[in-house]
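Reader: Hello! I'd like to think about where a small molecule might be placed in a docking run, so could you take me on a close look at the pockets and what surrounds them?

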Amino acid sequence: MTDWKPRTRAVHAGTRRSQYGEVSEAIFLTQGFVYDSAEAAEGRFEALGEDEFIYARYGNPTVAMFEDRIASLEGAEAAFATASGMAAVSGALMSMLKAGDRVVAARALFGSCLYVLEEILGRYGVEIVLLDGTDLSAWEREITPETDVVFFESVSNPTLEVVDIAAVAKLAHAQNAKVVIDNVFASPVYSRAFEQGADVVIYSATKHIDGQGRAMGGVILGSEEYIRKTVEPFLKHTGPALSPFSAWIMLKGLETIDLRVRAQTATAEALAEALVGHPKLARAVYPGHPSHAQHDLCMRQMGKGGTLLALDLAGGKEAAFRFLNALKVGVISNNLGDAKSILTHPATTTHQRLPQDQKDLLGITPGLVRVSVGLEDPADLIADVLQALDQA
């Protein structure tokens with residue numbers, strides 16, 4: 001298995017078959033497990049053997065298959081799956097931090113991530129420093145010997161800024177700080193985060209991994225020691241376990257993720273080409289287009305621009321709403337990485353809670369629309385976006 005290519009790993013890695021020899025992975029819908037004897041129960045609680053389970057909050061065969069498969073695909077030693085992406089973010093950070101610790105983070109983050117940092121961790125005595133993630137001099141200035149964790153989105157939500165993983169990781173490791181990356185926009189298909197210096201990688205499996213709008217989930221990836229000794233005890237006792245049924249959906253999603261994400265990316269590239277310079281747009285932002293300020297970094301880091309664009313309509317909120325309401329193929333929602341193209345107005349939805357000055361600082365303008373490209377025919381999607389812009 002060590003020499004398998006990523007697409008093969010995404011189909012086969014981590015498979016466990018029951019005595020029935022099923023082709024599609026089994027769903028083990030059970031809260032608990034039976035022991036052959038009282039002595040066996042005692043032994044399992046003292047130390048779990050390979051493929052042994054105690055309670056669904058601690059682990060489950062279907063969930064373990066998903067964890068092993070995504071770890072193999074990502075190139076991580078181990079993984080722990082959670083009930084949502086935000087459970088993964090909060091679990092990864094809260095399990096490794098304590099009062100008096102210091103986190104240096106990019107300020108361009110999903111609204112709920114900012115809440116975890118500023119409201120929850122801040123409330124419990126963790127120092128939080130926010131900076132411009134694209135400014136290496138700011139990272140160099142703020143990552144001091146007192147810094148414990150560095151946290152950022154490799155591609156920011158929703159303005160698609162790209163953070164230089166290798167450069168920031170080098171600065172962090174020089175001060176013995178851990179590098180924690182929310183890698184949702186890159187997806188496992190384009191991720192090389194661990195080889196570029198990440199210590200911990202987080203995904204909302206709700207996005208590209210499921211990718212078909214069916215279930216929620218998250219996963220934390222890292223070293224065996226970090227997952228088993230730091231993350232697992234925290235999550236076992238706080239309880240955000242991924243359900244076996246959702247884990248099975250994620251396994252099915254991984255089987256097709258490479259094909260889906262590459263097809264979505266090809267459409268995103270074509271859509272960006274059609275929209276850059278459009279008279280109704282103040283800007284069209286796509287990391288895979290040469291007009292993006294960090295295009296070269298994106299190509300070095302990911303190899304492709306991914307499945308997301310940001311469109312800033314020149315007419316502000318009113319034009320953005322007219323544009324959204326005129327769509328016929330794309331749908332208005334707040335998810336991303338789905339088979340359906342999804343368009344979102346961040347200022348009034350996902351980032352609504354941010355004060356206006358923070359929105360201004362992050363570039364979340366009243367006219368900004370996030371576009372998550374789906375699996376529709378590219379010509380249909382491009383025609384739909386163009387006709388909607390005509391009505392904006």
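**A close look at the pockets**

Author: Happy to. In the largest pocket of this predicted model, α3 is the element that gives the most to the lining, with five residues. The space in this pocket comes to about 650 Å³. Besides α3, which spans residues 61-74, the elements giving two or more residues to the lining are β1 (78-82) and α10 (224-238). In total, 29 residues line the pocket, and those nearest its centre are Arg-16, Phe-53, Ala-64, Glu-67 and Arg-228. If you are thinking about chemistry, the lining divides into 15 nonpolar, eleven charged and three polar residues.

Now for the second largest pocket, which holds about 430 Å³ of space. Its lining has 24 residues, with Met-86, Phe-110, Ser-204, Lys-207 and Asn-335 closest to the centre. At least two lining residues come from each of α4 (85-94), β6 (200-204) and α9 (206-210). By class, this lining has twelve nonpolar residues, eight polar ones and four charged ones.

Met-86 is a handy link to the next layer. This residue is among those closest to the centre of the second largest pocket, and it also belongs to the contact that α4 makes with α5. The axes of α4 and α5 (residues 111-123) come within 10 Å and cross at roughly 35°, in a right-handed crossing. On the α4 side, Met-86 is joined by Val-89, Ser-90, Leu-93 and Met-94, while α5 brings Ser-112, Cys-113, Val-116, Leu-117, Ile-120 and Leu-121. That contact has nine nonpolar residues, two polar and no charged ones.

For wider context, let me add a sheet from elsewhere in the chain. Five strands form this open, mixed sheet, in the order β8-β9-β12-β11-β10. At the edges are β8 (281-285) and β10 (331-332), each pairing on one side only. Inside the sheet, β9 (residues 308-313) runs antiparallel to β12 (residues 368-372), and five bridges join the two. Leu-309, for instance, stands opposite Val-371 in β12. Helix α11 (residues 244-275) packs on the sheet, where it touches β8, β9 and β12, and its direction makes about 20° with that of β9.

To come back to your request, the two pockets to set side by side hold about 650 Å³ and about 430 Å³. Their linings have eleven charged residues in the largest pocket and four in the second largest.

Terms used
Residues are numbered from 1 along each chain as its sequence is written. This is a predicted model: local features need pLDDT of at least 70, side-chain atom pairs count only at pLDDT 80 or more; totals for chains, interfaces and linings use all residues. Side-chain values use heavy atoms; hydrogens and water are left out. On a 1 Å grid over the protein atoms alone, a cavity is a set of points where a 1.4 Å probe fits but cannot get out, and a pocket is an open set with protein on both sides within 12 Å along at least five of seven lines; lining residues have an atom within 4 Å of a point. Grid points are joined across faces, edges and corners, and a volume is the space filled by probe spheres set on the points. Helices (H or I, at least four residues) and strands (E, at least two) are DSSP runs, numbered from the N terminus. Ala, Val, Leu, Ile, Met, Phe, Trp, Tyr, Cys and Pro count as nonpolar, Asp, Glu, Lys and Arg as charged, and the others, Gly among them, as polar. Axes are lines fitted to C-alpha atoms, for helices over the stretch in contact, and angles run from 0 to 180 degrees between N-to-C directions. A crossing is left-handed if the near helix is turned anticlockwise from the far one by less than a right angle, and right-handed if clockwise. Contact means heavy atoms within 4.5 Å. Two strands pair if DSSP finds at least two bridges between them.
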